[in-house]
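Morning, everyone. Please bring up the model on your screens, and I'll walk you through it.

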Amino acid sequence: MDVTPLTGQVFEPGQDGYADEVAGFQLAVTSRPAVVVGAETAADVVTAVRFAAAHGLRVTVQATGHGLTAGTDGLLISTRRLTGVEVDAEAGTARVEAGVRWGAVLEAAAKHGLAPLSGSSPDVGVVGYTLSGGFGLMARKYGRAADHVRAIDVVTADGSVRHVEAGSDLFWALRGGRADFGIVTALEIGLVPVTELYGGGLYFGTEDIPAVLRAWRTWASSAPDTLTTSLAMIPYPDLPMVPEPLRGKHIAHVRVAYLGDGGDDLVAPLRAAAPALLDTLKPMPFRESGSIAAEPPHPHGYHGTNATVTQLNDAMLDAIVEHAGPGADVGTVLIVDRLGGALTRPPAVPGVGWDSAAEFVVRALSVVEAGIEPVRRAHAKLFDALTPWSSGRLLPFVYGEHDPAEVAESVYPAGDLRRLRELKREYDPKATFGA
């Protein structure tokens with residue numbers, strides 16, 4: 001294949017730099033594309049899409065590679081070099097190019113007393129996170145990141161560059177429908193006037209997990225909208241980089257992001273629930289909010305799924321401990337997030353719908369070591385037990401290889417799914433985009 005028409009940095013199998021360009025944060029999904037374009041400008045993306053159409057190649061896109069769900073043998077567009085961030089403090093917005101990570105936006109916005117609706121990790125890419133919906137640390141106060149998008153620059157399958165805003169079918173579809181309709185080269189996103197929060201976590205020992213689960217459920221159920229919180233059960237390895245009180249233990253980690261006064265009074269019931277191994281709760285600049293979850297920064301292979309639920313009764317909590325706790329068949333990071341608040345209210349500009357009526361989401365993530373099937377079986381036991389109370393699934397927390405059709409049917413309302421499929425046929429009739 002003659003790749004000379006391509007612009008940007010171009011890599012083929014066997015060339016120096018190819019493996020580094022293909023590698024993403026998610027190591028459980030492998031790709032061997034026929035050609036990789038390391039885009040340096042939006043024009044490079046246009047050229048790559050037109051080249052792929054001329055050669056009958058499927059097109060996939062990758063920035064950080066956190067959200068990879070399938071490998072590819074077609075043309076991979078790497079957007080990690082598109083790193084421009086421009087903040088308009090007066091308008092309260094930021095224009096963010098496709099390769100930008102949340103950490104860069106946190107820093108840029110903080111200089112103007114503003115904050116983005118970022119997630120738990122500053123290393124995650126802004127575009128992929130937002131197009132999946134974007135469930136972040138201020139979600140109960142401000143809603144999803146996708147609902148604060150003002151404009152999108154996208155290259156569609158015909159090689160056209162489109163600037164889409166509210167009122168456009170593409171604008172509706174991309175905000176929650178991911179990048180199945182084109183390659184997004186930039187977003188304009190709304191920022192909020194937040195400079196600090198009360199946040200961090202409480203870590204509890206293995207023997208206290210059942211009691212802490214129940215205490216957190218009660219506490220979180222009456223949480224004000226200014227509080228976004230989750231509880232994680234984490235099997236920590238016995239390694240030097242893990243804080244000594246947690247090393248080699250299966251713990252419960254209560255995570256708190258509170259936009260209000262009196263944080264210590266608010267969390268007093270949690271501190272009274274059991275003796276904490278570690279307490280990191282304190283006021284902090286919002287730009288340091290990635291320290292709350294303290295997610296691992298190193299690439300690894302993982303697989304995960306989730307279920308939205310209408311309640312958290314004792315039978316459900318028992319099932320969570322049994323199938324994802326210290327005695328589970330497969331080591332699992334189990335996270336329960338409190339939903340509600342602004343997440344239940346319709347956004348100002350309608351986008352792709354989701355399970356906004358759910359009270360909690362239960363999500364499981366496991367490192368893939370001895371193949372993916374043991375992980376699938378272990379997760380199935382947990383979510384089968386939760387089925388009587390489950391109402392759906394959230395797209396941002398589906399990790400690793402899954403059947404795209406099965407995921408779509410579980411995360412989108414039926415009417416929205418029909419509309420998404422109609423728009424896919426209209427804007428991408430040859431199914432150029434997607435693995």
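Start with the lining of the second largest cavity. It divides into five nonpolar residues, three polar and no charged. Keep in mind that this is a predicted model. Which residues line this cavity? They are W102, P116, L117, T130, A145, H148, I189 and G190. The space inside comes to about 50 Å³.

A word on how such spaces are found. Rolling a probe the size of a water molecule over the atoms shows where empty space is left. Here, the count is three cavities of 30 Å³ or more.

Now the largest cavity. How much space lies in it? About 130 Å³. Its lining has 14 residues. Nearest the centre of the largest cavity lie S132, R144, W354, L395 and P396. The lining of the largest cavity divides into seven nonpolar residues, five polar and two charged.

On to the sheets. Take the open sheet of five strands. The order is 5-6-9-7-8, and the pairing is antiparallel. Which strands stand at the edges? Strand 5, residues 85–88, and strand 8, residues 161–165. Each has a single partner strand, so one side of each is left without a neighbour in the sheet. From one strand to the next, the twist averages 15 degrees.

Look inside this sheet. Strand 7 covers residues 149–155, and strand 9 covers residues 183–190. The two pair in the antiparallel sense over six bridges. One residue to find there is I152, whose bridge partner in strand 9 is L187.

What packs on these strands? Helix 3, residues 102–110, is one that packs on the sheet. Helix 3 touches strand 5, strand 6 (93–97) and strand 9. The direction of helix 3 makes about 35 degrees with that of strand 5. Then there is helix 2, residues 42–55. Helix 2 lies across strand 7, strand 8 and strand 9. It runs at about 140 degrees to strand 9.

Next, the open sheet of four strands. Its order is 1-2-4-3, with mixed pairing. Strand 1 (9–11) and strand 3 (59–62) are the edge strands, and each pairs on one side only. Ignoring direction, neighbouring strands of this sheet are turned by 20 degrees against each other on average.

Within it, find strand 2, residues 35–38, and strand 4, residues 75–78. Parallel or antiparallel? Parallel, over four bridges. G38 stands opposite S78 in strand 4.

Helix 2 comes back here. It packs on this sheet, touching strand 2, strand 3 and strand 4. Against strand 4, the direction of helix 2 makes about 175 degrees. Put that beside the earlier contact: helix 2 also lies across strand 7, strand 8 and strand 9.

Last stop, a helix pair. Helix 9 spans residues 314–324, and helix 10 spans residues 373–386. Their axes come within 9 Å and cross at roughly 175 degrees. That makes helix 9 roughly antiparallel to helix 10.

Which residues make the contact? From helix 9, they are M316, A319, I320, H323 and A324. From helix 10, they are K381, L382, A385 and L386. This contact divides into seven nonpolar residues, one polar and one charged.

That's the tour. Thanks, everyone.

Key:
Residues numbered from 1 in each chain as written. Predicted model: local features only at pLDDT ≥ 70, side-chain atom pairs only at ≥ 80, totals over all residues. Heavy atoms only, no water. Pairing = 2+ DSSP bridges. Axes fitted to C-alpha atoms, helices over the stretch in contact; angles between N-to-C directions. Contact = heavy atoms within 4.5 Å. 1 Å grid on protein atoms, 1.4 Å probe; cavity = no way out; pocket = protein on both sides within 12 Å on 5 of 7 lines; lining within 4 Å. Points joined across faces, edges and corners; volume = space filled by probe spheres on them. Nonpolar A, V, L, I, M, F, W, Y, C, P; charged D, E, K, R; others polar. Parallel < 35°, antiparallel > 145°, perpendicular 65-115°, else oblique.
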